[in-house]
Amino acid sequence: IDYFERAKRLEEIPLIKTAYEEQRVHDMELWEQQEEERITTLQLEREKALEHKNRLSRMLEDRDLFEARLKASRRTVYEDKLKQFQERLAEERRNRLEERKKQRKEERRITYYREKEEEEQRLREEQLLK
């Protein structure tokens, strides 16, 4: 049985090699064919893309004009809102400043009367001690 198996393998080896070479050649031809198809497809896509580019390039000026108008209108809206915000901010700052002024004035008045009261109290105590 061992001699028979070895003989079979010895006979199969050249057949396997030829089958491998045939398969390799077939695979190479198939790869070359698919590569050619891929290249032609890419060339067609490139031509279509160039056609679209040329067709759309005529609209470029219209697009730029539309964008300029849109940006200008949005810019005016932005500037108006910014102006309103700046006015509200300035008004709020004035109000807070005025409030702080009133508060400091009130605190100074209270401390003045408190110190005056303390001074009077101290003088009364000194007179009582005399």
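**Exercise 1. Determine whether Glu120 is buried or exposed, or in between, and describe its pairing with Arg124.**

Solution. Step 1: Glu120 has 34% relative accessibility, so it counts as partly exposed (buried means under 20% relative accessible area, exposed over 50%, partly exposed in between, with a 1.4 Å probe and protein chains only). Step 2: Arg124, at 42% relative accessibility, is also classed as partly exposed. Step 3: the two residues form a salt bridge whose closest N and O atoms are 3.9 Å apart (a side-chain nitrogen of Lys or Arg within 4 Å of a carboxyl oxygen of Asp or Glu). Step 4: about one helical turn separates Arg124 and Glu120, because they are four residues apart in helix α2 (helices are DSSP runs of H or I with at least four residues, strands are runs of E with at least two, and both are numbered from the N terminus). Step 5: elsewhere, salt bridges that share partners join Arg63, Asp64 and Glu67 into one network.

The model is predicted, so local features need pLDDT of at least 70 and side-chain atom pairs count only at pLDDT 80 or more, whereas totals for chains, interfaces and linings use all residues. Residues are numbered from 1 along each chain as its sequence is written, and side-chain values use heavy atoms, with hydrogens and water left out.

**Exercise 2. State how many salt bridges the structure holds, and analyse those of Glu92 and Glu21.**

Solution. Step 1: there are 13 salt bridges in the structure. Step 2: side chains of opposite charge can pair when their charged atoms come close. Step 3: Glu92 pairs with Arg96 in a salt bridge, with the closest N and O atoms 3.2 Å apart. Step 4: these residues are four apart in helix α2 (residues 60-129), so about one helical turn lies between Glu92 and Arg96. Step 5: Glu92 is partly exposed because its relative accessibility is 38%, whereas Arg96, at 54%, counts as exposed. Step 6: in the salt bridge of Glu21 with Arg24, the closest N and O atoms are 3.1 Å apart. Step 7: both Glu21 and Arg24 belong to helix α1 and are three residues apart, about one turn of the helix. Step 8: Glu21 has a relative accessibility of 38% and is partly exposed; Arg24 has 41% and is partly exposed as well.

**Exercise 3. Identify which residues form the charged and nonpolar surface patches.**

Solution. Step 1: patches are made of residues with over 30% relative accessible area and no salt bridge, like charges being joined within 9 Å and nonpolar side chains (Val, Leu, Ile, Met, Phe, Trp, Tyr) within 5 Å. Step 2: the patch of negative charge consists of Glu29, Glu32, Glu36 and Glu37, and Glu36 is in helix α1 (residues 2-57). Step 3: Arg100, Lys101, Arg104, Lys105 and Arg108 make up a patch of positive charge; Arg104 lies in helix α2 and is partly exposed, with a relative accessible area of 39%. Step 4: Tyr78, Leu82 and Phe85 create a nonpolar surface patch of about 290 Å². Step 5: Tyr78 is in helix α2 and, at 47% relative accessibility, counts as partly exposed.

**Exercise 4. Set the UniProt annotation of residues 32-122 beside the model.**

Solution. Step 1: the unreviewed UniProt entry annotates residues 32-122 as "coiled-coil region"; such annotations may be inferred rather than shown by experiment. Step 2: over residues 32-122 the chain is 98% helix and 0% strand. Step 3: the end C-alpha atoms of residues 32-122 are 114 Å apart.

Conventions:
Accessible areas come from the Shrake-Rupley method with a 1.4 Å probe; for residues, only the protein chains shown count as cover. Lys and Arg count as positive and Asp and Glu as negative; His and the chain ends are not counted. The place of a charge is taken as NZ of Lys, CZ of Arg, CG of Asp or CD of Glu.
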